[in-house]
Amino acid sequence: TGIGIHKIPPFKNYINKTFDRFAEISKIRWHAIDKSLEPNLKEVRKNFGDHIFHAMDINPYNEKKYVIFYHGIGQNVTSNQALYKKIVDKGYGILACEYGNFGNNTEKLTQKSIQNTAKMALEHLKSQNINEIGVVGYSAGGFPALETAVAADKNCKFLVLISPINSLKDEFNNVTKGHMIRLPKALKFVLKKIPFLFNSLENVLNAKTSIKKNNAPTYMIYSLKDNVVPPSSTENLSKQVNNLKGIIKLKEGGHSIDDDKLDAFSKLPL
């Protein structure tokens with residue numbers, strides 16, 4: 001727990017390249033702020049030791065309940081504004097948080113830095129006398145979402161995981177098949193023959209461990225045609241949820257938050 005990805009043997013160079021590439025994309029792929037959200041958007045920056053907490057606070061109707069949202073890998077806080085509008089429509093303010101070294105952050109992506117982010121998100125809302133919260137995590141954002149739900153304890157009224165990654169170990173091989181980076185055949189052969197070499201990845205990001213500590217009412221949304229996270233992986237994760245209230249399996253769509261997932265989220269009884 002807390003080991004930097006760049007220090008994990010034996011394929012640290014390839015792991016590092018993969019996540020550096022995602023971090024680079026997150027820092028350059030900024031989206032224009034939706035005109036309906038911009039007038040009520042406040043940028044939040046706070047120091048926590050060496051960690052900088054960066055988030056967007058959007059609350060157009062001065063609601064006393066909030067959703068804390070965490071984006072996917074390679075994204076930043078401007079990436080999922082269509083979902084933000086759905087959250088606002090449900091009567092919530094939204095605190096969209098950066099984590100790890102995505103967006104404007106410079107902290108390494110570790111369990112410890114994620115826990116710091118969760119703590120600061122909750123402290124920020126507490127300073128505004130907000131105690132009723134929900135948490136939403138998309139893809140890799142499921143990791144900080146789980147940590148936040150656990151840290152919030154009884155104040156967390158619900159948790160929604162959209163296309164969640166099960167564990168970095170389970171999904172790393174899928175990530176490296178994409179256009180970001182491809183593992184050399186020799187390393188793939190070694191991984192196949194000696195899979196325990198990647199066991200250390202479990203210590204960095206592992207939803208299977210955090211989800212056992214989560215008691216919030218939990219909903220899951222994913223596509224049966226997801227080509228990044230195998231549906232079987234999400235199904236296995238759902239079986240470990242203590243308080244699963246609903247799981248929506250979409251026949252169409254892929255890994256992204258598309259219109260079908262937005263519609264499914266709108267229909268959740270949150």
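**Entry 1: Q111 and its surroundings**

I started at Q111 and found it in helix 3, which covers residues 111-127. I kept in mind that this is a predicted model. Next I asked myself: is Q111 buried or exposed? Its relative accessibility is 11%, so Q111 counts as buried, the cut-off for that label being under 20%. I also looked up how Q111 sits relative to P144. The two are 33 residues apart in sequence, yet their C-alpha atoms are 8.6 Å apart in space.

**Entry 2: helix 4**

P144 took me to helix 4, residues 142-152. How many of its residues are buried? I got 9 of the 11, so helix 4 is largely enclosed by the rest of the structure. P144 is one of the buried ones, and the list also includes G142, F143, E147 and A152. Just after helix 4 comes D153, and I noted that its phi is positive, near 55°.

**Entry 3: the whole chain**

I stepped back for an overview. The chain has 9 helices and 8 strands. It runs to 270 residues, and 51% of them are buried. I then checked contacts between residues with a separation of 6 or more: 77% of these join residues 24 or more positions apart. The accessible surface comes to about 12,500 Å², with 49% of it belonging to carbon and sulfur atoms.

**Entry 4: the nonpolar cores**

A reminder to myself: in soluble globular proteins, nonpolar side chains tend to be buried together. So I went looking for cores here. The largest nonpolar core has 40 residues, and the members touching the most other members are F53, I68, Y70, L95, C97 and I133. Several elements give two or more residues to this core, among them helix 1 (12-28), strand 2 (51-58), strand 4 (93-97) and helix 4. Which element gives the largest share? That turned out to be helix 3, with 6 residues.

There is also a second, separate core of 25 residues, and A96, Y219, L262 and A264 are in it.

I picked F53 for a detailed check. Leaving out residues up to four places away in sequence, F53 touches V44, R45, K46, L95, C97, T117, M120, A121 and H124.

**Entry 5: cysteines**

C97 made me curious about disulfides. A disulfide is a covalent bond between the sulfur atoms of two cysteines. How many does a search of the whole structure find? It finds 0. I looked at two cysteines anyway. C97 has 1% relative accessibility, so it counts as buried. C156 is buried too, with a relative accessible area of 5%.

**Entry 6: helix 9**

L262 and A264 from the second core turned up again in helix 9, residues 259-266, where K261, L262, A264 and F265 are buried. Why do I say these four are on the same side of helix 9? They cover an arc of only 160° around the axis, and that puts them on one side. I then checked what covers them: the list includes helix 2 (81-89), strand 5, strand 6, strand 7 (218-223) and strand 8 (244-250).

A lysine in that buried set caught my eye. K261 has 1% relative accessibility, so it does count as buried. Its side chain meets that of D258 in a salt bridge, 3.8 Å from N to O.

**Entry 7: salt bridges**

Side chains of opposite charge can pair when their charged atoms come close. I wrote down the total: the structure holds 6 salt bridges. I followed up two besides the K261 one.

The first joins K85 and D34, at 3.1 Å from N to O. K85 lies in helix 2 and D34 in the loop between helix 1 and strand 1 (41-48), so the pair ties together parts that are 51 residues apart in sequence. K85 has 32% relative accessibility, so it counts as partly exposed. D34 is partly exposed as well, with a relative accessible area of 24%.

The other is K249 with E235, whose closest N and O atoms are 3.3 Å apart. K249 is in strand 8 and E235 in helix 8 (residues 231-238), 14 residues apart, and the pair links distant parts of the chain. For exposure, I noted 42% relative accessible area for K249, which is partly exposed. E235 counts as partly exposed too, at 23% relative accessibility.

Definitions and conventions: Residues numbered from 1 in each chain as written. Predicted model: local features only at pLDDT ≥ 70, side-chain atom pairs only at ≥ 80, totals over all residues. Heavy atoms only, no water. Buried < 20%, exposed > 50% of the residue type's maximum accessible area, 1.4 Å probe, protein only. Core = buried A, V, L, I, M, F, W, Y, C linked by side-chain atoms within 4.5 Å. Contact = heavy atoms within 4.5 Å. Disulfide = S-S within 2.5 Å. Arc of directions from axis to C-beta. Salt bridge = Lys/Arg side-chain N within 4 Å of Asp/Glu carboxyl O. Areas by Shrake-Rupley, 256 points an atom, 1.4 Å probe, with all protein chains shown as cover.
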